[in-house]
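Hi everyone, thanks for making time for this one. I'd like to walk you through a structure, so let me put it on the screen.

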Amino acid sequence: MSSCMCISLYAFIKEFDHCRPIVVVDGSHLKSYYTGTFVSASTLDGADHILPLAYGVIDSENDAVWSWFFEQFKKVYGERKNMRIVSDRNESIIKSVSRVYLVVPYFACIWHLWNNVYKKFKKSHSKLSEIYFSMAKAYTQAEFDSLMENVKKVDIRVKEYLKLAGYEKWARLYAPVNRGWTMTSNIAESINVALVSARELPIYDFLEEVRKMFGRCNCSYRKEASETYTTLEKKYQDMLTLNEAISTHMTVVPSTEYLHTMNDEGRHYTVCLLERKCSCRRFQVDELPCQHAWAVLKRKFLMPEDYCSDYYKPKSIVMTYEVPVYPLPDRNVWNIPAHISEEVILPPDVWL
């Protein structure tokens, strides 16, 4: 087995309980003489802040090492309902996910897939890029099919490539579980960017910088959430407000207490409050009332926040960060077992 280490702080373990079970995985090469690859698994909290779950250093990326990483992750976090894993199209990651998590779906980062399309077919113009990303985020089958026809007109080879990649791997419409807003592995890449200068340090110093950075973020996010007095976190409060504004011109026709039809400029949509669903699919995918659901809620004098995901509410964010990342004591007071302190660590075998 290659040299590997994996760290998951107690705060991270407790915080994941208050976040969607979406795990984004990535690796980036260290630049010091010690080389190796920094690997991380992370997610987003209800305010779209990056929340680390596990991180570590491996000496090389291969099937065995990634399987080991996911095995350690599973020991700590288990397998939550509707859990999903997002990464670039690293073959070792894909194999390891299927080996360790037998029923957890793997999703491809839509940005990495687009880069593959660009490199393979040299199709970089803005029109095709816009079509592709709209298609990845499409809510309805009709919208997806219409956009795919536009791709076909530009280059049928791109259509076949995207189909071969598996619609369920990149298109939100086809995902076997709700993929939500996590369509890329950018959150892992953001961690890597924040650690650019730290990656020059020896391994211990590098890992300590990682821990301190996560501790600062943990404290900052807790303070921000505790000082938020809107019903939802800002991004989702703005979405809710916009949906309310759009809903003002709609006509509502009730069928039952919970089932209603909406007339939206000649198009009809069906809203079921009991199941929190709309035929536009935004209600159930976004997990907050779409403009059609808003029209029903206003007609029935119901509170929209009762139909929003708890993930978006400030109280949930505060609960997410209840456990702090505790400071590490000075090295002089560490209680190190003798068999560890007596072990001889050889310098790295590198050419200077």
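Before I point at anything, one bit of vocabulary: I'll say that two strands pair if DSSP finds at least two bridges between them. And please keep in mind that this is a predicted model.

With that in hand, look at strands β9, residues 267–272, and β10, which pair in the antiparallel sense over two bridges. In that pairing, Val271 stands opposite Cys278 in β10.

Let's widen the view to the sheet around them. It is an open sheet of four strands, and the order is β7-β8-β9-β10, with antiparallel pairing. At the edges sit β7, at 251–254, and β10, at 277–278, each of which pairs on one side only.

Now over to the β7 end. The strands β7 and β8 run antiparallel and are joined by four bridges. Here Pro254 stands opposite His260 in β8. The link from β7 to β8 is a hairpin through four residues.

So what lies across this sheet? That would be helix α13, residues 291–299, which lies across β7, β8, β9 and β10. Its direction is at about 120 degrees to β8, the strand at 259–264.

Let me pick one residue from that helix. His292 is located in α13. Is His292 buried or exposed? With a relative accessible area of 2%, His292 is buried, because anything under 20% counts as buried. Setting aside residues up to four places away in sequence, His292 touches Met250, Met262, Asp264, Tyr269, Val271, Cys278 and Cys280. You'll recognise two of those names: Val271 and Cys278 are the residues that stand opposite each other in the β9 and β10 pairing.

Next, a helix pair. In general, two packed helices are described by the angle between their axes and the distance between the axes. For α6, residues 141–154, and α7, residues 156–165, the angle is about 130 degrees and the axes are 5 Å apart. That makes α6 oblique to α7. Which residues meet there? From α6 we have Met148, Glu149, Val151, Lys152 and Val154, and from α7 we have Ile156, Val158 and Lys159. Sorted by character, the residues of this contact are five nonpolar, three charged and no polar.

My last stop is Ile317, which you'll find in helix α14, residues 314–320. Ile317 is buried, at a relative accessible area of 1%. Which residues is Ile317 in contact with, leaving aside neighbours within four places in sequence? They are Asp45, Gly46, Ala47, Tyr221, Ala225, Glu233 and Tyr311. Take Asp45 from that list: Ile317 and Asp45 are 272 residues apart in sequence, yet their C-alpha atoms are 7.0 Å apart in space.

Let me finish by stepping back to the chain as a whole. Among contacts between residues at least 6 apart in sequence, 63% join residues at least 24 apart. The chain has 15 helices and ten strands. Of its 352 residues, 47% are buried. The C-alpha atoms fill a box of roughly 75 × 50 × 35 Å along the principal axes. As for the surface, the chain exposes about 18,400 Å², and carbon and sulfur atoms supply 54% of that.

That's my tour, and I'm happy to rotate the model to any spot you'd like to see again. Thanks for listening!

Methods:
Residues numbered from 1 in each chain as written. Predicted model: local features only at pLDDT ≥ 70, side-chain atom pairs only at ≥ 80, totals over all residues. Heavy atoms only, no water. Axes fitted to C-alpha atoms, helices over the stretch in contact; angles between N-to-C directions. Parallel < 35°, antiparallel > 145°, perpendicular 65-115°, else oblique. Contact = heavy atoms within 4.5 Å. Nonpolar A, V, L, I, M, F, W, Y, C, P; charged D, E, K, R; others polar. Buried < 20%, exposed > 50% of the residue type's maximum accessible area, 1.4 Å probe, protein only. Areas by Shrake-Rupley, 256 points an atom, 1.4 Å probe, with all protein chains shown as cover.
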